[in-house]
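Q: Got a minute to go through this model with me? I'd like to start with pockets and then wander around the fold.

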Amino acid sequence: MTTKLKIDGTTYEVTVDDKTPLLWVLRDHLNLTGTKYGCGVAQCGACTVLVGGKAVRSCATFLDEIGDKEIMTIANTTDPLLKKVQEAWVEEDVPQCGYCQSGQIMNATGLLKANSNPTEEEIIAEMNGNICRCGTYNRIKNAIKKINAGA
């Protein structure tokens with residue numbers, strides 16, 4: 001089955017089974033490797049992308065669930081909020097090994113798109129489930145707190 005997907009502002013056509021996880025479409029069929037494979041069962045968050053502005057685990061989101069919603073990945077170079085999140089990550093020196101960072105940044109971007117001024121409790125609740133084996137959770141929280149998503 002051929003499906004059109006709009007990813008980071010570009011339209012792609014892929015011919016794959018509609019039960020293929022989005023992660024494999026991104027990585028294997030489109031060679032968009034910024035989105036990482038972590039656990040494969042939607043538990044770690046390394047594969048998080050935005051679909052229709054909402055954070056989803058791409059390893060457990062299937063092509064037939066996407067419809068005409070736009071997909072945003074860590075490779076997006078035009079979204080101003082994603083750029084702010086990436087800059088805050090650098091300012092707070094968040095990345096350690098870096099493996100979970102694309103998923104962490106996409107989840108934070110999804111949070112800030114839905115809530116431009118989250119409380120500390122809302123940040124903790126939303127980011128819960130994005131696992132960082134280096135334990136940079138306080139730096140992640142500080143980076144999100146310093147972003148004024150409405151500006």
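Q: Which residues line the largest pocket?
A: Keep in mind that this is a predicted model. The lining of the largest pocket is made of Gln104, Ile123, Ile124, Met127, Asn128, Gly129, Asn130, Ile131, Tyr137, Ile140 and Lys141.

Q: Which elements give two or more residues to that lining?
A: Those would be helix H4, residues 120–127, and helix H5, residues 137–145.

Q: And what's the volume of the largest pocket?
A: About 160 Å³.

Q: How does the lining split by class?
A: Six nonpolar residues, four polar ones and one charged one.

Q: OK, on to cores. Which residues touch the most other members in the largest nonpolar core?
A: Val85, Trp89 and Ile144 do, in a core of 20 residues. The elements giving two or more residues to this core are helix H2 (80–91), helix H3 (101–114), H4 and H5.

Q: Is there anything else worth listing as a core, and what does it include?
A: A second, separate core has 13 residues, with Val14, Val51, Leu63 and Ile71 among them.

Q: Back to Ile144. What is isoleucine 144 in contact with, leaving aside neighbours within four places in sequence?
A: Isoleucine 144 contacts Trp89, Ala108, Leu111, Leu112, Pro118, Ile123 and Met127. Two of those, Ile123 and Met127, also turn up in the lining of the largest pocket.

Q: Let's switch to strands. How do E3 and E4 pair?
A: Strand E3 (residues 48–51) and strand E4 (residues 54–57) run antiparallel, with four bridges between them. Threonine 48 has arginine 57 in E4 as its bridge partner, and leucine 50 stands opposite alanine 55.

Q: What's in the turn of that hairpin?
A: Two residues sit between E3 and E4, and glycine 52 in the turn has a positive phi of about 60 degrees.

Q: Which other strand does E3 pair with, E5 maybe, and in what sense?
A: E3 also pairs with E5, in the antiparallel sense over two bridges. There, valine 51 is opposite isoleucine 71, and both Val51 and Ile71 belong to the second core.

Q: Are the E3 side chains buried or exposed?
A: Buried on both faces: Thr48 and Leu50 are on one side, and Val49 and Val51 are on the other.

Q: What packs over there from the helices? Which residues of H1 are buried?
A: In helix H1, residues 22–29, Leu22, Leu23, Val25 and Leu26 are buried. The buried residues of H1 pack against strand E1 (2–7), strand E2 (10–15), E3 and strand E5 (71–72).

Q: Why would Leu22 and Leu26 face a similar way, given the turn of an α-helix?
A: An α-helix has 3.6 residues a turn, so residues three or four places apart point the same way. In H1, Leu22 and Leu26 are both buried, as are Leu22 and Val25.

Q: Now odd backbone angles. Which residue just after H1 takes a positive phi?
A: Asparagine 31, at about 55 degrees, although it is not a glycine. Asparagine 31 is in the loop between H1 and E3.

Q: Is asparagine 31 buried or exposed?
A: Asparagine 31 counts as exposed because its relative accessible area is 60%, and the cut-off for exposed is over 50%.

Q: And aspartate 8, what's its phi?
A: Aspartate 8 has a positive phi of about 50 degrees, and it isn't a glycine either. Aspartate 8 lies in the loop between E1 and E2. Unlike asparagine 31, which is exposed, aspartate 8 is buried, with a relative accessible area of 18%.

Q: Last topic: lysine 113. Where is lysine 113 placed, and what is its relative accessibility?
A: Lysine 113 is in helix H3. At 39% relative accessibility, lysine 113 counts as partly exposed.

Q: What does lysine 113 touch beyond its sequence neighbours within four places?
A: Leu50, Met72, Asp79 and Leu81. Leu50 is one of the buried residues of E3. On top of that, the C-alpha atoms of lysine 113 and glycine 53 are separated by 7.2 Å, with their positions 60 residues apart along the chain.

Q: And how far apart are serine 116 and threonine 35 in space?
A: They are 24 Å apart, C-alpha to C-alpha, and 81 residues apart in sequence. Serine 116 is in the loop between H3 and H4 and is partly exposed, with a relative accessible area of 37%.

Definitions and conventions: Residues are numbered from 1 along each chain as its sequence is written. This is a predicted model: local features need pLDDT of at least 70, side-chain atom pairs count only at pLDDT 80 or more; totals for chains, interfaces and linings use all residues. Side-chain values use heavy atoms; hydrogens and water are left out. On a 1 Å grid over the protein atoms alone, a cavity is a set of points where a 1.4 Å probe fits but cannot get out, and a pocket is an open set with protein on both sides within 12 Å along at least five of seven lines; lining residues have an atom within 4 Å of a point. Grid points are joined across faces, edges and corners, and a volume is the space filled by probe spheres set on the points. Ala, Val, Leu, Ile, Met, Phe, Trp, Tyr, Cys and Pro count as nonpolar, Asp, Glu, Lys and Arg as charged, and the others, Gly among them, as polar. Two strands pair if DSSP finds at least two bridges between them. Buried means under 20% relative accessible area, exposed over 50%, partly exposed in between (1.4 Å probe, protein chains only). Contact means heavy atoms within 4.5 Å. A nonpolar core is a set of buried Ala, Val, Leu, Ile, Met, Phe, Trp, Tyr and Cys residues joined through side-chain atoms within 4.5 Å.
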